[in-house]
Amino acid sequence: RDPYRCPLQGVAYNLKILDLPYGWEKHYDAAYAVPTNPADMTPRKGECLLWGAGTGNPVETLRIAAFGDREIVENNNPVWDNAVYFYMSMGLSGGFSAAGDVQLTPGDRGFFNCAGRMSWLLNGYGGYRAGCEDELEDSQVWRKLVFYGPPGVFCDASICPEGMILKTSGLPSYCKGRACAVDECCQAARICTPDVCSLGTLLKERDVRPRYCAAAFCQESECCSRSPKCEASVCTVGHFLKPTDVMPPLGVPPNGCRSHVCTIAECCNESPYCPLDVCPYYQGLTLTHLEPTPFCSSYDCLLTDCCVDAGVCAASDCSAAFALNASARPYCDRPTCTEGECCYPLPPNVSVSDVEFVDFDLSALEIGGNISWVPPEPTIPNVTHFTVHMANADVQVQVGTVPWGTNVFTIPTNTLAASSLAVFCAND
(Lines give C-alpha, C1' and ligand atoms only; values in the text may rest on other atoms or scores of the structure.)
Protein backbone atom coordinates (compact mmCIF):
# COMPACT_ATOMS: atom_id res chain seq x y z
CA ARG A 1 0.00 0.00 0.00
CA ASP A 2 1.23 3.47 -0.89
CA PRO A 3 1.30 5.41 2.38
CA TYR A 4 0.82 8.66 0.51
CA ARG A 5 -1.92 7.65 -1.91
CA CYS A 6 -4.52 10.05 -0.47
CA PRO A 7 -4.88 13.43 -2.22
CA LEU A 8 -2.76 15.58 0.12
CA GLN A 9 0.09 14.73 2.46
CA GLY A 10 0.41 16.49 5.78
CA VAL A 11 -1.88 19.09 7.32
CA ALA A 12 -3.67 21.28 4.74
CA TYR A 13 -4.84 24.83 5.25
CA ASN A 14 -7.58 26.85 3.53
CA LEU A 15 -8.73 23.93 1.38
CA LYS A 16 -11.80 24.77 -0.70
CA ILE A 17 -14.44 22.05 -0.53
CA LEU A 18 -15.21 22.54 -4.21
CA ASP A 19 -11.59 21.64 -4.92
CA LEU A 20 -11.92 18.17 -3.43
CA PRO A 21 -11.24 15.43 -6.02
CA TYR A 22 -13.92 13.67 -7.98
CA GLY A 23 -15.83 11.04 -5.97
CA TRP A 24 -15.48 12.55 -2.50
CA GLU A 25 -18.60 12.56 -0.29
CA LYS A 26 -19.50 14.28 2.96
CA HIS A 27 -20.01 11.96 5.92
CA TYR A 28 -20.47 14.42 8.79
CA ASP A 29 -21.11 18.16 9.13
CA ALA A 30 -21.98 19.72 12.52
CA ALA A 31 -21.22 22.76 14.62
CA TYR A 32 -18.50 22.56 17.23
CA ALA A 33 -21.24 22.94 19.89
CA VAL A 34 -22.76 19.58 18.84
CA PRO A 35 -21.38 16.56 20.81
CA THR A 36 -19.05 14.32 18.81
CA ASN A 37 -19.39 10.54 18.60
CA PRO A 38 -16.72 8.12 17.31
CA ALA A 39 -19.10 7.12 14.50
CA ASP A 40 -19.08 10.74 13.33
CA MET A 41 -15.32 10.50 12.72
CA THR A 42 -15.32 7.02 11.11
CA PRO A 43 -17.26 6.83 7.85
CA ARG A 44 -16.41 3.13 7.36
CA LYS A 45 -16.34 3.52 3.58
CA GLY A 46 -14.02 4.99 1.00
CA GLU A 47 -10.30 4.36 0.82
CA CYS A 48 -9.37 7.72 2.29
CA LEU A 49 -10.95 10.04 4.85
CA LEU A 50 -10.65 13.72 5.64
CA TRP A 51 -11.13 15.46 8.98
CA GLY A 52 -11.45 19.20 8.80
CA ALA A 53 -12.86 22.36 10.34
CA GLY A 54 -14.08 25.65 9.00
CA THR A 55 -16.37 28.57 9.68
CA GLY A 56 -19.70 29.52 8.15
CA ASN A 57 -22.76 27.51 7.30
CA PRO A 58 -22.31 26.03 4.84
CA VAL A 59 -18.54 25.82 5.11
CA GLU A 60 -16.88 26.69 1.80
CA THR A 61 -13.25 26.52 2.90
CA LEU A 62 -11.70 24.18 5.43
CA ARG A 63 -9.38 26.31 7.52
CA ILE A 64 -7.54 23.17 8.65
CA ALA A 65 -7.78 19.60 7.32
CA ALA A 66 -5.88 16.34 6.98
CA PHE A 67 -6.23 13.31 4.70
CA GLY A 68 -5.49 9.79 5.84
CA ASP A 69 -5.85 6.17 4.81
CA ARG A 70 -9.28 5.34 6.22
CA GLU A 71 -8.54 1.78 7.30
CA ILE A 72 -5.26 2.75 8.95
CA VAL A 73 -6.77 5.68 10.83
CA GLU A 74 -9.94 3.82 11.91
CA ASN A 75 -8.15 0.64 13.02
CA ASN A 76 -5.04 2.06 14.69
CA ASN A 77 -4.97 4.46 17.59
CA PRO A 78 -2.87 6.56 17.64
CA VAL A 79 -1.10 6.31 14.29
CA TRP A 80 1.15 8.25 11.94
CA ASP A 81 -0.30 8.22 8.44
CA ASN A 82 0.20 10.46 5.45
CA ALA A 83 2.68 12.58 7.48
CA VAL A 84 -0.01 13.37 10.09
CA TYR A 85 -0.44 12.07 13.67
CA PHE A 86 -4.06 10.82 14.06
CA TYR A 87 -5.62 9.85 17.41
CA MET A 88 -9.00 8.84 18.86
CA SER A 89 -9.01 8.43 22.65
CA MET A 90 -12.44 7.48 24.02
CA GLY A 91 -13.54 9.72 26.89
CA LEU A 92 -10.98 12.31 25.82
CA SER A 93 -10.80 13.51 22.23
CA GLY A 94 -9.97 12.68 18.64
CA GLY A 95 -8.12 14.68 16.03
CA PHE A 96 -4.71 15.13 14.48
CA SER A 97 -1.47 17.03 14.86
CA ALA A 98 1.33 17.95 12.51
CA ALA A 99 3.65 17.15 15.41
CA GLY A 100 3.63 13.86 17.28
CA ASP A 101 3.05 15.26 20.75
CA VAL A 102 -0.50 15.86 22.00
CA GLN A 103 -1.72 16.86 25.48
CA LEU A 104 -5.22 15.42 25.85
CA THR A 105 -6.89 17.10 28.89
CA PRO A 106 -9.37 16.09 27.48
CA GLY A 107 -8.81 18.08 24.28
CA ASP A 108 -5.32 18.63 22.88
CA ARG A 109 -3.73 21.56 24.68
CA GLY A 110 -0.36 21.23 22.96
CA PHE A 111 1.14 24.58 22.05
CA PHE A 112 4.05 23.58 19.78
CA ASN A 113 3.02 24.16 16.14
CA CYS A 114 -0.46 25.08 17.30
CA ALA A 115 -1.58 25.89 13.72
CA GLY A 116 -1.20 22.22 12.78
CA ARG A 117 -3.54 20.84 15.50
CA MET A 118 -7.27 19.97 15.42
CA SER A 119 -9.09 18.29 18.32
CA TRP A 120 -12.74 17.25 18.89
CA LEU A 121 -13.96 16.10 22.31
CA LEU A 122 -15.25 12.51 22.73
CA ASN A 123 -16.62 12.91 26.24
CA GLY A 124 -20.14 14.09 25.45
CA TYR A 125 -19.09 17.51 24.22
CA GLY A 126 -18.37 18.94 20.77
CA GLY A 127 -15.25 20.30 19.11
CA TYR A 128 -12.38 21.74 21.12
CA ARG A 129 -9.72 23.35 18.89
CA ALA A 130 -9.04 24.28 15.24
CA GLY A 131 -5.48 25.38 14.74
CA CYS A 132 -4.38 27.80 17.41
CA GLU A 133 -7.96 28.58 18.45
CA ASP A 134 -9.13 26.39 21.34
CA GLU A 135 -11.94 26.07 23.88
CA LEU A 136 -14.41 26.05 21.01
CA GLU A 137 -16.67 23.30 22.41
CA ASP A 138 -19.65 25.71 22.57
CA SER A 139 -18.95 27.44 19.21
CA GLN A 140 -21.75 27.73 16.64
CA VAL A 141 -19.37 29.46 14.22
CA TRP A 142 -16.88 26.64 13.79
CA ARG A 143 -18.06 23.41 12.17
CA LYS A 144 -16.73 19.84 12.13
CA LEU A 145 -16.62 18.07 8.77
CA VAL A 146 -15.70 14.50 7.74
CA PHE A 147 -15.38 13.35 4.11
CA TYR A 148 -14.49 10.07 2.47
CA GLY A 149 -13.42 9.22 -1.06
CA PRO A 150 -11.09 7.43 -3.44
CA PRO A 151 -7.30 7.74 -3.53
CA GLY A 152 -5.81 10.78 -5.17
CA VAL A 153 -5.07 10.97 -8.88
CA PHE A 154 -1.75 12.71 -9.47
CA CYS A 155 0.02 14.26 -12.39
CA ASP A 156 2.62 12.05 -14.00
CA ALA A 157 4.99 12.63 -16.89
CA SER A 158 3.31 9.80 -18.81
CA ILE A 159 0.20 11.99 -19.13
CA CYS A 160 2.04 14.55 -21.21
CA PRO A 161 2.11 13.88 -24.97
CA GLU A 162 5.13 14.55 -27.17
CA GLY A 163 6.07 18.18 -27.09
CA MET A 164 4.89 18.69 -23.50
CA ILE A 165 6.40 18.16 -20.04
CA LEU A 166 5.10 18.30 -16.47
CA LYS A 167 4.41 21.83 -15.33
CA THR A 168 7.30 23.41 -13.50
CA SER A 169 5.00 25.84 -11.70
CA GLY A 170 1.32 25.60 -10.90
CA LEU A 171 1.34 21.79 -10.84
CA PRO A 172 -1.74 20.75 -8.84
CA SER A 173 -1.29 18.70 -5.69
CA TYR A 174 -3.85 16.29 -7.11
CA CYS A 175 -6.17 16.15 -10.09
CA LYS A 176 -9.85 16.95 -9.61
CA GLY A 177 -11.35 14.53 -12.10
CA ARG A 178 -11.36 10.77 -12.45
CA ALA A 179 -8.15 11.13 -14.42
CA CYS A 180 -5.65 13.93 -14.83
CA ALA A 181 -6.09 16.19 -17.85
CA VAL A 182 -3.21 17.31 -20.02
CA ASP A 183 -3.93 20.99 -19.38
CA GLU A 184 -3.87 20.36 -15.61
CA CYS A 185 -0.47 18.73 -15.61
CA CYS A 186 1.50 19.69 -18.69
CA GLN A 187 3.15 22.64 -20.36
CA ALA A 188 4.77 23.05 -23.74
CA ALA A 189 8.30 21.67 -23.89
CA ARG A 190 11.16 23.81 -25.11
CA ILE A 191 13.28 23.02 -28.12
CA CYS A 192 17.02 23.19 -28.51
CA THR A 193 18.27 26.57 -29.72
CA PRO A 194 21.82 27.84 -30.35
CA ASP A 195 21.76 30.06 -27.25
CA VAL A 196 21.83 26.90 -25.10
CA CYS A 197 25.32 26.11 -26.36
CA SER A 198 28.31 27.67 -24.64
CA LEU A 199 31.55 28.76 -26.25
CA GLY A 200 33.23 25.81 -27.94
CA THR A 201 30.00 23.88 -28.53
CA LEU A 202 27.53 23.73 -31.40
CA LEU A 203 23.87 22.89 -31.70
CA LYS A 204 23.67 19.19 -32.52
CA GLU A 205 22.62 18.17 -36.01
CA ARG A 206 18.84 17.91 -36.44
CA ASP A 207 18.88 14.12 -36.77
CA VAL A 208 20.73 13.55 -33.46
CA ARG A 209 19.32 16.22 -31.15
CA PRO A 210 15.99 15.65 -29.37
CA ARG A 211 12.86 17.18 -30.86
CA TYR A 212 11.95 18.55 -27.42
CA CYS A 213 13.92 19.12 -24.26
CA ALA A 214 13.24 16.82 -21.33
CA ALA A 215 12.90 19.51 -18.66
CA ALA A 216 11.77 23.09 -18.24
CA PHE A 217 15.11 24.34 -19.46
CA CYS A 218 17.10 22.74 -22.23
CA GLN A 219 20.42 21.32 -21.10
CA GLU A 220 23.63 21.79 -23.01
CA SER A 221 24.30 18.06 -22.83
CA GLU A 222 21.12 17.20 -24.74
CA CYS A 223 21.31 20.02 -27.30
CA CYS A 224 24.98 20.65 -27.99
CA SER A 225 28.15 18.86 -29.01
CA ARG A 226 31.77 19.93 -28.94
CA SER A 227 32.89 22.04 -31.88
CA PRO A 228 35.29 20.16 -34.16
CA LYS A 229 38.92 21.22 -34.13
CA CYS A 230 40.96 22.14 -37.17
CA GLU A 231 43.17 19.36 -38.50
CA ALA A 232 45.72 19.23 -41.28
CA SER A 233 43.45 16.89 -43.26
CA VAL A 234 41.09 19.83 -43.86
CA CYS A 235 43.73 21.63 -45.90
CA THR A 236 43.89 20.82 -49.60
CA VAL A 237 46.91 21.16 -51.89
CA GLY A 238 48.16 24.71 -51.78
CA HIS A 239 47.19 25.22 -48.11
CA PHE A 240 48.65 24.38 -44.72
CA LEU A 241 47.21 24.30 -41.21
CA LYS A 242 47.08 27.66 -39.46
CA PRO A 243 49.24 28.00 -36.34
CA THR A 244 47.60 27.42 -32.97
CA ASP A 245 49.46 30.20 -31.17
CA VAL A 246 48.10 33.00 -33.35
CA MET A 247 44.62 34.45 -33.07
CA PRO A 248 42.22 34.26 -36.04
CA PRO A 249 42.11 34.99 -38.86
CA LEU A 250 45.76 33.93 -39.28
CA GLY A 251 45.50 31.30 -36.54
CA VAL A 252 43.04 28.46 -36.02
CA PRO A 253 39.86 29.29 -34.05
CA PRO A 254 40.71 28.43 -30.41
CA ASN A 255 37.18 27.26 -29.58
CA GLY A 256 36.65 25.06 -32.59
CA CYS A 257 35.00 25.53 -35.94
CA ARG A 258 31.75 27.41 -36.47
CA SER A 259 29.93 24.41 -37.93
CA HIS A 260 30.11 20.63 -37.72
CA VAL A 261 32.48 20.54 -40.70
CA CYS A 262 35.59 22.69 -40.55
CA THR A 263 36.29 24.78 -43.63
CA ILE A 264 39.52 25.62 -45.40
CA ALA A 265 38.95 29.31 -44.65
CA GLU A 266 38.79 28.64 -40.90
CA CYS A 267 41.67 26.21 -40.63
CA CYS A 268 44.12 26.81 -43.46
CA ASN A 269 46.35 29.50 -44.89
CA GLU A 270 47.39 29.64 -48.51
CA SER A 271 50.84 28.21 -49.08
CA PRO A 272 53.37 30.52 -50.71
CA TYR A 273 54.86 29.47 -54.02
CA CYS A 274 58.48 28.44 -54.20
CA PRO A 275 60.49 31.41 -55.53
CA LEU A 276 62.38 30.68 -58.71
CA ASP A 277 65.74 31.47 -57.13
CA VAL A 278 65.31 29.40 -53.96
CA CYS A 279 67.37 26.45 -55.24
CA PRO A 280 71.16 27.05 -55.19
CA TYR A 281 72.51 26.09 -58.62
CA TYR A 282 75.99 25.55 -57.30
CA GLN A 283 74.68 22.74 -55.09
CA GLY A 284 73.24 20.98 -58.09
CA LEU A 285 69.64 21.70 -57.11
CA THR A 286 66.82 22.90 -59.30
CA LEU A 287 63.17 23.83 -58.78
CA THR A 288 60.69 20.98 -58.62
CA HIS A 289 58.92 21.55 -61.88
CA LEU A 290 55.25 21.07 -61.18
CA GLU A 291 52.41 23.01 -62.69
CA PRO A 292 51.98 25.42 -61.09
CA THR A 293 55.23 26.03 -59.29
CA PRO A 294 55.28 23.90 -56.10
CA PHE A 295 53.80 25.15 -52.83
CA CYS A 296 55.76 25.56 -49.63
CA SER A 297 54.69 23.70 -46.50
CA SER A 298 55.02 26.77 -44.27
CA TYR A 299 55.58 30.49 -44.46
CA ASP A 300 59.31 29.84 -44.88
CA CYS A 301 59.94 27.84 -48.02
CA LEU A 302 62.37 24.99 -47.46
CA LEU A 303 64.70 23.37 -49.95
CA THR A 304 62.83 20.11 -49.39
CA ASP A 305 59.61 21.83 -50.47
CA CYS A 306 60.97 23.34 -53.63
CA CYS A 307 64.14 21.66 -54.88
CA VAL A 308 65.35 18.40 -56.38
CA ASP A 309 68.67 17.29 -57.80
CA ALA A 310 69.35 18.96 -61.13
CA GLY A 311 70.04 16.77 -64.14
CA VAL A 312 73.61 16.34 -65.47
CA CYS A 313 74.27 16.20 -69.22
CA ALA A 314 75.10 12.76 -70.63
CA ALA A 315 75.58 11.35 -74.11
CA SER A 316 72.31 9.52 -73.70
CA ASP A 317 70.55 12.87 -73.83
CA CYS A 318 71.64 13.29 -77.48
CA SER A 319 69.82 11.66 -80.38
CA ALA A 320 71.57 10.18 -83.41
CA ALA A 321 72.03 13.52 -85.22
CA PHE A 322 73.50 15.25 -82.13
CA ALA A 323 76.68 15.02 -80.09
CA LEU A 324 77.36 15.83 -76.41
CA ASN A 325 78.49 19.41 -75.95
CA ALA A 326 81.61 19.35 -73.78
CA SER A 327 81.24 23.06 -73.00
CA ALA A 328 77.63 22.75 -71.73
CA ARG A 329 76.76 23.93 -68.18
CA PRO A 330 77.42 21.33 -65.45
CA TYR A 331 73.80 21.18 -64.29
CA CYS A 332 70.59 21.33 -66.27
CA ASP A 333 67.66 23.60 -65.48
CA ARG A 334 65.38 20.66 -64.68
CA PRO A 335 65.74 17.24 -63.13
CA THR A 336 65.78 15.78 -66.64
CA CYS A 337 68.15 17.34 -69.15
CA THR A 338 67.03 18.33 -72.63
CA GLU A 339 68.85 17.80 -75.88
CA GLY A 340 69.05 21.54 -76.41
CA GLU A 341 70.94 22.01 -73.12
CA CYS A 342 73.46 19.24 -73.60
CA CYS A 343 73.94 18.55 -77.32
CA TYR A 344 74.88 20.21 -80.56
CA PRO A 345 73.77 19.05 -84.03
CA LEU A 346 76.25 17.16 -86.20
CA PRO A 347 76.90 18.62 -89.68
CA PRO A 348 74.69 17.04 -92.32
CA ASN A 349 76.39 14.14 -94.13
CA VAL A 350 73.98 14.12 -97.10
CA SER A 351 73.56 16.31 -100.19
CA VAL A 352 70.94 17.37 -102.67
CA SER A 353 70.82 16.03 -106.22
CA ASP A 354 69.71 17.08 -109.73
CA VAL A 355 70.57 20.75 -109.30
CA GLU A 356 69.25 22.85 -112.22
CA PHE A 357 69.50 26.57 -112.97
CA VAL A 358 67.52 28.42 -115.63
CA ASP A 359 68.98 31.87 -116.38
CA PHE A 360 66.43 34.46 -117.50
CA ASP A 361 68.89 37.42 -117.49
CA LEU A 362 70.12 37.95 -121.08
CA SER A 363 72.80 40.48 -120.13
CA ALA A 364 76.41 39.42 -120.48
CA LEU A 365 78.18 38.69 -117.21
CA GLU A 366 74.88 38.80 -115.27
CA ILE A 367 72.47 36.10 -114.24
CA GLY A 368 69.00 35.83 -112.77
CA GLY A 369 66.55 32.94 -112.50
CA ASN A 370 65.48 29.87 -110.51
CA ILE A 371 67.80 27.25 -109.14
CA SER A 372 66.11 23.98 -108.10
CA TRP A 373 67.18 20.64 -106.62
CA VAL A 374 66.00 17.33 -105.32
CA PRO A 375 66.38 17.08 -101.49
CA PRO A 376 67.65 14.01 -99.67
CA GLU A 377 65.25 11.53 -98.10
CA PRO A 378 62.77 13.31 -95.74
CA THR A 379 63.78 11.01 -92.88
CA ILE A 380 67.19 12.66 -92.62
CA PRO A 381 67.00 14.09 -89.08
CA ASN A 382 69.65 16.79 -89.07
CA VAL A 383 68.82 18.89 -92.14
CA THR A 384 66.84 22.01 -91.22
CA HIS A 385 67.42 24.22 -94.27
CA PHE A 386 69.29 24.65 -97.55
CA THR A 387 71.89 27.31 -98.51
CA VAL A 388 72.63 28.52 -102.05
CA HIS A 389 76.19 29.61 -102.92
CA MET A 390 77.98 31.22 -105.91
CA ALA A 391 81.74 30.63 -106.51
CA ASN A 392 84.50 32.25 -108.58
CA ALA A 393 87.90 30.61 -108.31
CA ASP A 394 88.60 30.49 -104.56
CA VAL A 395 85.84 32.92 -103.55
CA GLN A 396 82.46 31.47 -102.47
CA VAL A 397 79.51 33.65 -101.45
CA GLN A 398 76.19 32.53 -99.91
CA VAL A 399 73.34 34.19 -101.75
CA GLY A 400 70.31 32.69 -100.01
CA THR A 401 68.72 30.29 -97.53
CA VAL A 402 65.45 28.38 -97.73
CA PRO A 403 63.94 26.06 -95.07
CA TRP A 404 63.55 22.34 -95.35
CA GLY A 405 60.59 21.60 -97.61
CA THR A 406 61.46 24.36 -100.13
CA ASN A 407 63.39 23.09 -103.17
CA VAL A 408 63.61 26.29 -105.29
CA PHE A 409 65.51 29.53 -104.80
CA THR A 410 65.25 32.62 -107.06
CA ILE A 411 68.48 34.47 -107.85
CA PRO A 412 67.64 38.10 -108.59
CA THR A 413 68.32 39.48 -112.09
CA ASN A 414 71.39 41.63 -112.63
CA THR A 415 73.34 39.39 -110.25
CA LEU A 416 77.00 39.20 -111.30
CA ALA A 417 77.64 35.86 -112.89
CA ALA A 418 79.82 33.23 -111.19
CA SER A 419 81.67 30.28 -112.49
CA SER A 420 79.53 27.85 -110.44
CA LEU A 421 76.38 27.54 -108.32
CA ALA A 422 76.00 25.12 -105.40
CA VAL A 423 73.24 24.01 -102.96
CA PHE A 424 74.20 22.62 -99.54
CA CYS A 425 72.25 20.81 -96.80
CA ALA A 426 72.59 22.64 -93.45
CA ASN A 427 71.30 22.65 -89.92
CA ASP A 428 71.19 24.99 -86.92
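The following questions and answers concern a predicted model of one protein chain.

In this predicted model, local features need pLDDT of at least 70 and side-chain atom pairs pLDDT 80 or more, while totals for chains, interfaces and linings use all residues. Residues are numbered from 1 along each chain as its sequence is written, and side-chain values use heavy atoms, with hydrogens and water left out.

Student: Why is the protein chain said to be more spread out than a compact globule?
Tutor: The globule rule is 2.2 Å times the number of residues to the power 0.38, and the radius of gyration is taken over C-alpha atoms. For 428 residues the rule gives 22 Å, so the chain counts as more spread out because its radius of gyration is well over that, at 57 Å.

Student: How are the rings of Y281 and Y331 arranged?
Tutor: Rings of Phe, Tyr and Trp (its six-membered ring) pair if their centres lie within 6.5 Å; planes under 30 degrees apart are stacked, over 60 edge-to-face and the rest tilted. Here the centres are 5.6 Å apart and the planes at 85 degrees, so the pair of Y281 and Y331 is edge-to-face.

Student: Which class does the pair of F386 and W404 fall in?
Tutor: The ring centres of F386 and W404 are 5.6 Å apart. Their planes differ by 20 degrees, and the pair is stacked.

Student: Is F386 buried or exposed?
Tutor: Buried means under 20% relative accessible area, exposed over 50% and partly exposed in between (1.4 Å probe, protein chains only). F386 has 0% relative accessibility, so F386 counts as buried.
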